Amino acid sequence: MLSQIIEEWPRFATYYNLVFIAKAALTTLALSVLGCVVGSLLGLALAVTRLTHGPALLPLRLLAIGFTELFRRVPFLVTLMLCFFAFQATGADVPLFVVAAVTVTLIAGAFLGEIVRGGLNAVHRNQWEAAAAMNFSLTETIRYVALPQAWRLILPPAFGFFVMFIKDTALASQIGVVELTFVGKVLNNKGFSAALSFGAILIVYFAISYPLARFGARLEARLASPRHRGA
Amino acid sequence: MSYTLQYGQIWPYLPRLFDGAWIALQIAVLAFCGGLAIGTACAAVKSFGPRWLTRIVNVYVVFFTNTPQLVQIYFLYFALPDTGVLLSSFAAVLIGMTLNAGAYLTEIQRAGFESRRVSEMEAAEVLGFSRLQQIRYVILPHMARVLFPPLSNHFIIMTLGTSMAAVFGVEELTGQAFNINSLTFRSIEIFSVTALFYVALTLAASVLLAAIGRYVFRARTGLI
C-alpha cells in the first residue's frame, strides 16, 4: 500500500489537485459555518419558544418540541434525502449546496436548540422571578438576565457540537455537493489508489477538526469550570 | 408544484422497512458491543497502563474522533482490497463503526474509571473486602451509575449512524428506503416514512434504556 502511494505521489500532488482539495475544504467549512450560525439563531428561537407560557402559544410550543425531537431522531442522510426530494418536488432550480445548507441548518437548529434550552434552564428560577418582578418582558429577560449568565454553559457544548458537525457534513457528498468527501471519491475514480485519495481527505479533515477540538477543550476548561469549583 | 403525495403506492413495500430496521438495530448493537470492548480496554490503558501504550491509544482516539466516520469506512472498504483483504460492505461498515465507537467510548469510559473515589476504596479495604469484592461491590456499581447515561446516549447516536451503511449498499433501513425509492419513485413518501421508523426506533431504545438505567443501575437518564 505504501509503495503504491509513493509511486503515485508525483502524479497526485499537482497544483490542480491541491486547489481542488482546498476548494472542497472551503465548501465543507462554509457548509458547517452556515449550518452552525443559522442553526444557532434557529436553536435560540426554538429554545425561547419552549420557554413561553400561556395557552395562546401552545401550538407554537408543540411545534418547537416536535421539530426538535424529529430532527434529533432522524439520521442526517434521511433528512438530506427528504430535503433533496422536497426541493425537487417544488420544481425550483435550487443549487445542491443550498439543499445541503438547509439540511444542516435544520439539524443544527434542533441540536443547538436543546443546548441553548439546557443553558437557559440552568439559570436559577429566582433570576427569572426577579426579572418578572421588574416587569421585564420575556425577550428582555433573556437578553439582559438569562443569556449573560447562561452563555458560559452554552458555549462549550455548542462548540463541541460544531466540531462534530464538520464531520457530519461528509454525507452531503451523497447528493453531489463538491465537498471534501466528494473530492475523495472523484480522485479515487480518476485512478488514484483509494489509500491515497481517501487518506489525503482524512488528513485534511483531521487538520480542520483537531485544532478546533483542542480549542474547544480549552474553552470548556476555562468557561465551564467556575461552576464546578463552586464559585 | 405538481407533486401529490401518494402513500398508497409504498404500502406494499413496508415489510422491507421492518427487515431494514432489524438489520440497522443489529449493526448498532454489534458495533456498540465491539466499541464497548475496545473502549474498556483503551480506557483501562489510559488510566493504569504504561506510558508508551497510552500514547498509542491516544493516537487511535484522536485520529478516529477527528475524522468523519463515512470517510473512515470509505477507506476501509476501498483501500483494504489493495492489500489483499477483501471486505463485504456489511463487514466494512461494521468494522468502521466499531473502531469509531471504540474511540468515542474510550473517552467516555475513562471518565468512569477516574470518577472512582479513593475514600470509597479505602472504606472497602477497611471493611476487609477482597480485591474481587471491591471490584464487584464498589467499583462496578459506581461506574455503571456514572457511565450509563452517556453510554446510552452514544448508543442512540450510533443507531442513527447506521444509516450511512446505505451508502455502501447494505440493506438496512435507509438502504431499503433507497431500494423502494428506485422501484416506486415516491421519494418524499418513502423517506418520510423511513424518518418515522427512525423516530420510533430511537424512541423505543431511549425508553428501554431509561428503564434499564433506572431499575438496574439506579442511574438517571433523560430520554436521549
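The crossing of α5(A) and α7(A) is right-handed (the near helix is turned clockwise from the far one by less than a right angle; anticlockwise would make the crossing left-handed). The structure is a predicted model, in which local features need pLDDT of at least 70, side-chain atom pairs count only at pLDDT 80 or more, and totals for chains, interfaces and linings use all residues. Residues are numbered from 1 along each chain as its sequence is written, chains are lettered from A and ligands numbered from 1 in the order in which they are written, and side-chain values use heavy atoms, with hydrogens and water left out.

Helix α5 of chain A covers residues 96–122, and helix α7 of chain A covers residues 138–168. Helices here are DSSP runs of H or I with at least four residues, strands are runs of E with at least two, and both are numbered from the N terminus. The axes of the two helices come within 8 Å and cross at roughly 145 degrees. Axes are lines fitted to C-alpha atoms, for helices over the stretch in contact, and angles run from 0 to 180 degrees between N-to-C directions. Among the residues in contact (heavy atoms within 4.5 Å) are A:F111 and A:L112 of α5(A) and A:P157 and A:F161 of α7(A). By class, this contact has 18 nonpolar, one polar and no charged residues. Ala, Val, Leu, Ile, Met, Phe, Trp, Tyr, Cys and Pro count as nonpolar, Asp, Glu, Lys and Arg as charged, and the others, Gly among them, as polar.

Chain B has eight helices and zero strands. Its C-alpha atoms fill a box of roughly 75 × 45 × 30 Å along the principal axes. Of the 224 residues in chain B, 48% are buried (under 20% relative accessible area; exposed is over 50%, partly exposed is in between, with a 1.4 Å probe and protein chains only). Among contacts in chain B between residues at least 6 apart in sequence, 76% join residues at least 24 apart.

Helices α1 (residues 14–48) and α6 (residues 131–161) of chain B also cross. Their axes come within 9 Å, at roughly 135 degrees. α1(B) and α6(B) are therefore oblique to each other (under 35 degrees is roughly parallel, over 145 roughly antiparallel, 65 to 115 roughly perpendicular and the rest oblique). This crossing is right-handed. The contact includes B:F32 of α1(B) and B:F155 of α6(B). It has eight nonpolar, one polar and no charged residues.

Aromatic pairs number 26 over all chains. Rings of Phe, Tyr and Trp (its six-membered ring) pair if their centres lie within 6.5 Å; planes under 30 degrees apart are stacked, over 60 edge-to-face and the rest tilted. The rings of A:F67 and A:F71 have centres 4.7 Å apart and planes at 50 degrees, so this pair is tilted. A:F67 and A:F71 are four residues apart in helix α3 (residues 58–73) of chain A, so about one helical turn separates them. A:F71 is buried, at 14% relative accessible area. One aromatic cluster is formed by A:F198, B:Y74, B:Y77, B:F78 and B:F168.

A:G199 is found in helix α9 (residues 194–223) of chain A. A:G199 is buried, at 12% relative accessibility. Leaving aside neighbours within four places in sequence, A:G199 contacts A:A194 and B:F75.

Two loop residues other than glycine have positive phi. A:N135, near 65 degrees, lies between α6 (125–133) and α7 of chain A. B:F185, at about 60 degrees, lies between α7 (173–184) and α8 (187–215) of chain B. A:N135 is exposed at 68%, and B:F185 is exposed at 61%.
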